Amino acid sequence: MSVSAERSSPALAVGGVAFLGLVGLLIGAVVGLIVISIASAFLPITSDSPLTSALSLVGQGIGLVGVAVVYLRFRDVSWSYLRIRRPTLRDLGWAVIATVGLFAVLAGASFLIDQLGLSATEHSVSQQAESNPALLLPLIPLSVLVTGPAEELLYRGVIQTRLREVFGATPAVAVAALVFSLVHIPAYGATSGLDASLATTLGVLFLLGASLGAAYEHTENLVVPAVAHGVYNAVVFGSNYANAVGLV
């Protein structure tokens, strides 16, 4: 099917990006397990060790990037399709603004959740780290080096750009943020299940994803949301570690 034909089918586009989001999640999980399995043949690692959490995250990143690469090859488009370029000082400034904006969104959402008497669930890694805070240490640098770039490559670079071809920028930001939110269900619902607290958390993730999408559309440089996403995650994990060990 030609690109022009794909653009005329909104339902196909939405279904396609939802499929990509799910496949990225599943392949990332599988690659993570494979990486851990290979490493365990040479290293004495356990299921609850920091090395295991690091290898799992690296595997997830490899899977997400792999899905993005396959998509680009399937559609026969170049990397310029993703709007990636060397960041200028202006781009770096917007990355700082976007990062601050993410924390502002989190603070506003947290305040609203408290006022409404709602509750939110934690990431499964943060829950595991309550008994073993060291799990969080490798995730701090890997958030910047792996998670931010890999997730933004697929969910903003590929998925949002594909939706933009069909719907325009604003709807693309919203639908990509929805996909981004929903694929986090396993990470946040692993222990709490599908309850109201998970729905609240997914709502917050939607707002964070939309903020990253808006930064991407405004700057037209994928590096900006990738940096903001990575730094945001790193600060959150660092803060969780500091709280867990009593530094703050």
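Begin by selecting Phe42, which counts as exposed because its relative accessibility is 69%, above the 50% that marks an exposed residue. Keep in mind throughout the tour that this is a predicted model. Phe42 is found in the loop between helix 2 and helix 3, the latter spanning residues 50-75.

**The nonpolar patch**

With Phe42 still selected, add Val30, Ile34, Ile38, Leu43 and Leu51, and together these residues make a nonpolar surface patch of about 580 Å². If you then colour helix 2, residues 10-40, you will see the element that gives the largest share of this patch, namely 3 residues.

**Helix 9 and its end**

Next, select residues 196-219, which form helix 9, a run of 24 residues that reaches 35 Å from its first C-alpha to its last, close to the 34 Å expected at 1.5 Å a residue. Step just past helix 9 to Glu220, where phi takes a positive value of about 55°. Most residues other than glycine have a negative phi, so a positive value invites a second look. Glu220 lies in the loop between helix 9 and helix 10, the latter covering residues 223-244, and Glu220 counts as partly exposed, since its relative accessibility is 38%.

**From Glu220 to helix 6**

Show the side chains of Glu220 and Arg164, which form a salt bridge whose closest N and O atoms are 3.6 Å apart. This pair links distant parts of the chain, with Arg164 in helix 6 and Glu220 in the loop between helix 9 and helix 10, 56 residues apart. Arg164 is itself partly exposed, with a relative accessible area of 34%.

**Arg83 and Glu217**

Now move to Arg83, in the loop between helix 3 and helix 4, where helix 4 covers residues 89-115. Here too the backbone deserves inspection, as phi of Arg83 is near 55°, a positive value in a residue other than glycine. The side chain of Arg83 meets that of Glu217 in a salt bridge, with an N to O distance of 3.1 Å. This pair also links distant parts of the chain, Glu217 being in helix 9 and Arg83 in the loop between helix 3 and helix 4, 134 residues apart. Are the partners of this bridge buried or exposed? Glu217 counts as buried because its relative accessibility is 13%, and Arg83 is likewise buried, with a relative accessible area of 13%.

If you select Arg83, Arg164, Glu217 and Glu220 together, you will have on screen a network of salt bridges that links these four residues. The structure holds 7 salt bridges.

**Within helix 6**

Stay with helix 6 and select Arg162 and Glu165, whose side chains meet in a salt bridge of 2.8 Å, N to O. Because they are 3 residues apart in helix 6, Arg162 and Glu165 are separated by about one helical turn. Arg162 is buried, with a relative accessible area of 5%, whereas Glu165 counts as partly exposed at 24% relative accessibility.

**Last stop: Gln160**

Finally, select Gln160, which also has its place in helix 6, residues 139-167. Gln160 counts as buried because its relative accessibility is 0%. What does the side chain of Gln160 reach at 3.1 Å? The partner is the backbone oxygen of Gly213. Leaving aside residues up to four places away in sequence, Gln160 touches Tyr155, Ala172, Val173, Ala176, Gly213, Tyr216 and Glu217, and Glu217 is the residue already seen in the salt bridge with Arg83.

Notes
Residues numbered from 1 in each chain as written. Predicted model: local features only at pLDDT ≥ 70, side-chain atom pairs only at ≥ 80, totals over all residues. Heavy atoms only, no water. Helix = DSSP H or I, 4+ residues; strand = E, 2+ residues; numbered from the N terminus. Expected span 1.5 Å × (residues − 1). Patch = residues over 30% accessible without salt bridge, like charges linked within 9 Å, V, L, I, M, F, W, Y side chains within 5 Å. Areas by Shrake-Rupley, 256 points an atom, 1.4 Å probe, with all protein chains shown as cover. Buried < 20%, exposed > 50% of the residue type's maximum accessible area, 1.4 Å probe, protein only. Polar contact = N/O pair within 3.5 Å; in protein donor to acceptor, adjacent residues only side chain to side chain. Contact = heavy atoms within 4.5 Å.
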